[in-house]
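Biologist: Could you pick one part of this model and take me through it closely, step by step? I am new to this, so please explain each term when it comes up.

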Amino acid sequence: MEPYVMSLAGLDPTGGAGLLADIKTFEAHRLNGLGVCTALTAQTDDEFLGVEWIPPEKILAQALPLLDKFPVRFCKVGIVAHPGILLEVLPALRNARPGIQFILDPVLKASAGYVFHTAVFSQWEQVLDHIALLTPNYEEAIAMSGLPCGESAARKMASRCAVLLKGGHRPDKPGWDSLFWGNELADFAPVATDVPAKHGSGCVLSAAITASLAKGLSLVDACKAGKDYTLRYLQSSEGLLGHHVFNNGSALSGC
């Protein structure tokens, strides 16, 4: 049986980001994807119009029956109304499925510019203790930590969980992703620099890493595989919505 993986994320009607993008990424990795909705959004690929947040009790009402039935070991987490929501949800999920690992993509604002929340480090600090891997971009790392430098922010947060600092907004090393865990560091160089931007590429990366971990890769290898998969996604079309591709090269329909 192929592994089961779960996503807790917002519903983006375009399918380019959030819950639908995660499920597409899981299926492209030949995994069984289970989805739990944390927000209902109104958006296109280049415009964000609004959001309706799902309260924690309704998030749990979706997730707990799935964890009771399916052997989920890895769960990707996307947008929530506030980090405090995760302090209610994640311990309950781990109680239902001991050993489950959470990969958090801390989406603080939409690619179209809509700001979801402005929580400070003291509000994120306790959440990080429940997370196996955090995947912020440079600006998100600064906003979450309160430090003026993304690398320093990643190192600070890596004392609590592994942190993959994404390279899309890095002023010093554009395109380079850096994995911080404990006192260790692994850098992932960009393979290509001239690629079309995509709506939801951060969601795809964190979902691809989650999928790779579920397939048994180490943390370093999963981050490398996730970066490679995301590059293929970025190169899959000229528009803002990309295509997910199976390992055999065939496109996943409906993307």
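Modeller: Happily! Let me begin with a term: a residue is buried when its relative accessible area is under 20%, exposed when over 50%, and partly exposed in between, using a 1.4 Å probe and protein chains only. By that scale Lys109, at 44% relative accessibility, is partly exposed. What you see is a predicted model, in which local features need pLDDT of at least 70 and side-chain atom pairs count only at pLDDT 80 or more, while totals for chains, interfaces and linings use all residues. Residues are numbered from 1 along each chain as its sequence is written, and side-chain values use heavy atoms, leaving out hydrogens and water.

Lys109 sits in the loop between strand 5 and helix 4 (121-128). Here helices (H or I, at least four residues) and strands (E, at least two) are DSSP runs, numbered from the N terminus. The C-alpha atom of Lys109 is 8.9 Å from that of Glu140, although 31 residues separate the two along the chain.

Now for the part I would like to look at closely: strand 1. Strand 1 covers residues 4-11 and belongs to an open sheet of nine strands, in the order 3-2-1-4-5-6-7-8-9, with mixed pairing. Two strands count as paired if DSSP finds at least two bridges between them. Strand 3 (48-53) and strand 9 (184-188) are the edges of the sheet, since each pairs on one side only.

Strand 1 has a partner on each side in that order. With strand 2 it pairs in the parallel sense over eight bridges, and with strand 4 it is also parallel, over five bridges. Val5 has a bridge partner in both: Gly33 in strand 2 and Phe74 in strand 4. Leu8 is bridged to Val77 of strand 4. From there you can step on, as Val77 stands opposite Leu104 in strand 5, where four bridges join strand 4 to strand 5 in parallel.

How enclosed is strand 1? Seven of its eight residues are buried, so strand 1 is largely enclosed by the rest of the structure. Its neighbour, strand 4, is mostly covered too, with five of six residues buried.

Part of the setting is made by helices. Helix 3 (residues 83-96) lies across strand 1, strand 4 and strand 5 (101-104), at about 150° to strand 5. Such angles run from 0 to 180 degrees between N-to-C directions, with axes fitted to C-alpha atoms, for helices over the stretch in contact. Helix 7 (residues 201-214) lies across strand 1 as well, and also across strands 4, 5, 6 (133-134), 7 (162-165) and 8 (177-181), running at about 170° to strand 4.

Side chains come next. In soluble globular proteins, nonpolar side chains tend to be buried together. A nonpolar core is a set of buried Ala, Val, Leu, Ile, Met, Phe, Trp, Tyr and Cys residues joined through side-chain atoms within 4.5 Å. The largest one here has 46 residues, and Met6 and Leu93 have the most contacts inside it. Contact means heavy atoms within 4.5 Å. Beyond its neighbours within four places in sequence, Leu93 touches Leu8, Leu60, Ala63, Leu64, Leu67, Ile100 and Phe102. Another core, of 20 residues, lies apart from it and includes Ile23, Phe74, Ala186 and Cys223.

Finally, look at the start of strand 1, where Tyr4 takes part in the one aromatic pair of the structure. Rings of Phe, Tyr and Trp (its six-membered ring) pair if their centres lie within 6.5 Å; planes under 30 degrees apart are stacked, over 60 edge-to-face, and the rest tilted. Tyr4 and Phe70 have ring centres 4.7 Å apart and planes at 35°, so this pair is tilted. Phe70 is in the loop between helix 2 (56-69) and strand 4 (72-77), so the pair ties together parts 66 residues apart in sequence. Are these two residues buried or exposed? Tyr4 is buried, at 17% relative accessibility, and Phe70 is buried as well, at 18%.
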